[in-house]
Amino acid sequence: MPETASLKNTVEPHNEAALIQRIREGEHELFYELIRPYESRVFAAALAILRNEADAEDVAQEAVLKAFKHIRQFRAEARFSTWLIQIAVNEARMRRRKQQAVVMEPMVDQQDEDGHYTPKDFADWREIPSESLERAEVREKLAEALNSLGQKYREVFILRDMQQLSIEDTARALGISVPSVKTRLLRARLMLRDLLAPGLGGNWNKPLSFAKGNKPW
Amino acid sequence: MVVRCAEVWQEVSNYLDGELDPAMRAAMEEHFRGCKHCTAVLDGARNVIQLYGDERMLEVPVGFSQRLHRRLEKGMPRRNRSAFGWMLALGFAALLLLSFEVGNSSRGAMPDVRSDMARSGVHIPADLAVVAVADGKVFHIAGCRFIHDKDKLQSMTAGEALREGYAPCVRCLKKYLSENEAGAPRREQTARLEQEDSEY
């Protein structure tokens with residue numbers, strides 16, 4: 001069974017501050033406890049940028065190690081989770097820059113962010129039920145749709161809608177403005193809605209068999 | 001206040017996030033009552049948030065946490081040990097050395113694992129045809145979409161790939177990997193592969 005994130009399993013802020021203080025004083029083994037609730041978020045942040053699980057795992061490890069080594073630089077005015085994800089985002093971006101020569105971004109990244117997006121009009125739009133997520137095939141299709149988005153949309157969407165960071169924390173983690181987060185989020189949500197709409201192939205990198213009668217949900 | 005479809009599309013995300021002032025919110029709700037297309041846009045965007053916000057969409061690879069902790073352990077400074085702690089550590093080291101020597105006497109020397117992510121692949125059939133990038137870390141089933149540097153691929157069997165220190169791809173070979181085996185020693189894995197080899 002794959003491991004699943006438990007977003008509810010977060011450390012209370014006051015406990016977190018106490019944990020951080022004790023780690024700084026030398027109780028290093030407590031760092032495991034500190035990061036446990038955020039492990040999957042660090043991985044997801046790296047994956048949003050790198051789109052490769054092996055690289056994302058490697059970067060997630062490096063980011064966590066870096067957070068440990070620089071724990072003294074953490075300032076209490078930010079949330080630890082945001083700081084940690086920020087490190088992961090920076091590490092992933094650095095890794096991606098090294099790979100840039102061989103990575104081709106999807107066409108949607110070249111779209112004008114401020115340009116208006118017209119959502120498609122579907123005569124037979126139907127909701128995809130949450131229960132269908134039990135099926136790996138459906139989860140894979142959703143992941144595939146997400147991966148087909150341009151990076152700037154994908155990373156905002158993952159931090160905000162999958163990791164449930166606030167709009168402000170998303171902006172801080174990515175080093176962009178709040179209005180940019182809102183614009184990219186709108187675009188990401190509408191593009192995903194159009195990509196997942198039953199009966200339509202949408203703008204996938206490779207065509208999916210979403211023809212009638214062949215939908216995974 | 002009356003809003004047109006194009007304005008609704010620009011604000012639908014803010015509407016869902018509760019980021020609108022009451023007048024705009026009321027105007028959009030009025031619009032949704034009479035516009036089927038915009039209602040489908042709203043429902044679709046809400047459906048997207050609901051689906052991707054589900055915990056099942058935030059999967060991490062099997063064994064991720066254990067490997068992360070191992071890497072962290074390596075990177076953490078060692079704490080000062082008491083005399084008893086040193087004795088205990090020396091005892092463990094001696095035991096490890098002994099088991100290593102015994103292992104070497106019965107089997108050939110093993111190459112280092114190429115990746116920290118390497119994990120047991122005990123259930124992977126030794127003669128399964130796989131591909132690996134010459135200077136990479138992971139081996140895959142041909143056609144796996146997580147392959148990098150497709151022009152440097154080498155074909156081999158899973159048994160050969162494991163012996164050379166490649167780790168199985170956590171995606172295309174997922175069905176062969178089991179959580180319980182995530183930390184199993186590679187020597188044991190190879191022994192089982194050798195046994196499987198002899199059966200074919």
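# Exercises on a predicted two-chain model

Q164(A) sits in the loop between helix 7 (151-162) and helix 8 (167-174) of chain A. The model is predicted, and the exercises below start from this loop residue.

**Exercise 1.** Describe the backbone and the burial of Q164(A).

Solution. Step one is the backbone: Q164(A) is not a glycine, yet its phi is positive, about 55°. As background, most residues other than glycine have a negative phi. Step two is the count of neighbours: Q164(A) has 14 C-beta neighbours inside 10 Å. A residue is buried at 20 or more and exposed at 12 or fewer, so Q164(A) counts as partly exposed.

**Exercise 2.** Find where R51(A) lies, and state its phi and its burial class.

Solution. R51(A) belongs to the loop between helix 3 (39-50) and helix 4 (53-69) of chain A. Its phi is near 55°, a positive value in a residue other than glycine. R51(A) has 19 C-beta neighbours inside 10 Å and therefore counts as partly exposed.

**Exercise 3.** Is L47(A) buried or exposed, and which residues beyond its sequence neighbours does it contact?

Solution. First, place the residue: L47(A) is part of helix 3 of chain A. Next, count: 29 other C-beta atoms lie within 10 Å of L47(A), so it is buried. Then set aside neighbours within four places in sequence; the contacts of L47(A) are E53(A) and A56(A). Finally, take a distance: from C-alpha to C-alpha, L47(A) and E57(A) are 8.0 Å apart, with a sequence separation of 10 residues.

**Exercise 4.** Check the length of helix 9 of chain A against its expected span, and decide how enclosed the helix is.

Solution. Helix 9 of chain A has 19 residues, which at 1.5 Å a residue should span 27 Å. The end C-alpha atoms of helix 9 are 27 Å apart, so the two values agree. For the second part, 16 of the 19 residues are buried, and helix 9 of chain A is therefore largely enclosed by the rest of the structure.

**Exercise 5.** Work out how helix 9 of chain A packs on helix 3 of chain B.

Solution. Start with the geometry: helix 9 (residues 178-196) of chain A meets helix 3 (residues 36-52) of chain B at an angle of about 95°, and the axes are 9 Å apart. Angles of 65 to 115 degrees count as roughly perpendicular, so helix 9 of chain A is roughly perpendicular to helix 3 of chain B. Now list the residues: R189(A), L190(A), L192(A), R193(A) and L196(A) on one side meet G44(B), A45(B), V48(B) and I49(B) on the other. Sorted by class, this contact has 6 nonpolar, 1 polar and 2 charged residues.

**Exercise 6.** Which element of chain B gives the most residues to the side that touches chain A?

Solution. Begin with the totals: 42 residues of chain B contact 48 residues of chain A. Elements of chain B that give two or more residues are helix 1 (5-16), helix 3, strand 1 (59-60) and helix 4 (64-75). Helix 3 of chain B gives the most, with 12 residues. By class, the side of chain B that touches chain A has 22 nonpolar, 11 polar and 9 charged residues.

**Exercise 7.** Lay out the open sheet of chain B and name its edge strands.

Solution. The sheet has 4 strands in the order 4-2-3-5, with mixed pairing. Strand 4 (153-157) and strand 5 (167-168) of chain B each pair on one side only, and they are the edge strands. Strand 2 (residues 129-133) of chain B runs antiparallel to strand 4 of chain B, and 5 bridges join them. V130(B) stands opposite M156(B) in strand 4 of chain B.

Methods
Residues numbered from 1 in each chain as written. Chains lettered and ligands numbered in written order. Predicted model: local features only at pLDDT ≥ 70, side-chain atom pairs only at ≥ 80, totals over all residues. Axes fitted to C-alpha atoms, helices over the stretch in contact; angles between N-to-C directions. Parallel < 35°, antiparallel > 145°, perpendicular 65-115°, else oblique. Contact = placed C-beta atoms within 7 Å. Nonpolar A, V, L, I, M, F, W, Y, C, P; charged D, E, K, R; others polar. Pairing = 2+ DSSP bridges. Expected span 1.5 Å × (residues − 1).
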